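Me: Hi! Could you walk me through this protein chain in plain words?

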Amino acid sequence: MSSLSPSKLLSQNIETLSSLTINLPVLDLACGAGRNGIFCLQHALPVRFADINQDNLKTIKHSLAQCEKNNADLASFWCVDFEQNVSDILVENSFSAVMVFRYLHRPLMDQIKSSVATGGVVIYETFTTEQPQYGRPKRSDFLLKSGELVEFFSDWEILHSFEGVKKSDTAETQEAVAQIVARKL
Ligand SMILES: C[S@@+](CC[C@H](N)C(=O)[O-])C[C@H]1O[C@@H](n2cnc3c(N)ncnc32)[C@H](O)[C@@H]1O
């Protein structure tokens, strides 16, 4: 299992992203080493990699340079702090999809929703309040309450939702997560 293996949730829903006819990139928000955005590039989707950590963005560029058919021309990079106290970090209707994995900053949720174009999709998976039984994170700011993710997207078409314990995508451990795949109406 490589740290660049994509999330199972994303691989199960890549057709949903591929079938979008919106001519805008997919945002990999708080992308880390880019495992999910790189998977989208491999499926010929344009991706905007965004993270606060410039080294993560350099790592992604390095990873792309390692493989021949990398679709690197479809990638763009954005070093950004999503926790600045401003209301317009994310521009309205600027992405066909936003994917967020293992990151939560509640004040950003409305901006995430408005940054997706109508008909576009959000794919979100992060830890719930059950997670401290299994490992980090333990801070409540970083943990979704029961039903919270579905509630955030209650005015969208919910294509998939899950809340419970599953095997980690990147380690031989269990983790408590909530997942959603939802389409903006
Ligand atoms: C647990 S990692 C998840 C990485 C990736 N989404 C994944 O699942 O592989 C959390 C990421 O959030 C980024 N991050 C943390 N605070 C941030 C902020 N204020 N603005 C942007 N990115 C941030 C970190 O640099 C890190 O790459």
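Here is a chat about the chain, from its overall make-up to its strands and its ligand.

Me: What kind of model is this, and how are residues numbered?
Reply: It's a predicted model, where local features need pLDDT of at least 70, side-chain atom pairs count only at pLDDT 80 or more, and totals for chains, interfaces and linings use all residues. Residues are numbered from 1 along each chain as its sequence is written.

Me: Thanks! How many helices and strands are in the chain?
Reply: The chain has six helices and seven strands. Helices (H or I, at least four residues) and strands (E, at least two) are DSSP runs, numbered from the N terminus.

Me: And in what order do the elements run?
Reply: Starting at the N terminus, the order is α-α-β-α-β-α-β-β-α-β-α-β-β.

Me: Why is it called as compact as a globular protein of that length?
Reply: Because its radius of gyration is 15 Å, close to the 16 Å that the globule rule gives for 185 residues. That radius is taken over C-alpha atoms, and the rule is 2.2 Å times the number of residues to the power 0.38.

Me: Now strand β1: are Val26 and Asp28 buried or exposed?
Reply: Val26 and Asp28 are buried on one side of β1 (residues 26-29), and Leu27 and Leu29 are buried on the other, so both faces are covered. Buried means that 20 or more other C-beta atoms lie within 10 Å of the residue's own, with C-beta atoms placed from the backbone.

Me: Which way do β1 and β2 run?
Reply: β1 and β2 (residues 47-51) run parallel, joined by four bridges; strands pair if DSSP finds at least two bridges between them. Val26 has Val47 as its bridge partner in β2.

Me: What about β4?
Reply: β4 (residues 95-101) also pairs with β1 in the parallel sense, over four bridges. There, Val100 is the bridge partner of Leu29.

Me: How are β6 and β7 joined?
Reply: A hairpin of six residues links β6 to β7. β6 (residues 157-167) and β7 (residues 174-183) run antiparallel, with 10 bridges between them. Glu157 has Arg183 as its bridge partner in β7.

Me: Last topic: which residues are closest to the ligand?
Reply: Ala30, Gly32, Ile52, Phe82 and Phe101 are the closest of the 15 residues that surround the ligand. A residue is near a molecule if its C-beta atom, placed from the backbone, lies within 6 Å of it.

Notes. Buried ≥ 20, exposed ≤ 12 C-beta atoms within 10 Å, placed from the backbone.
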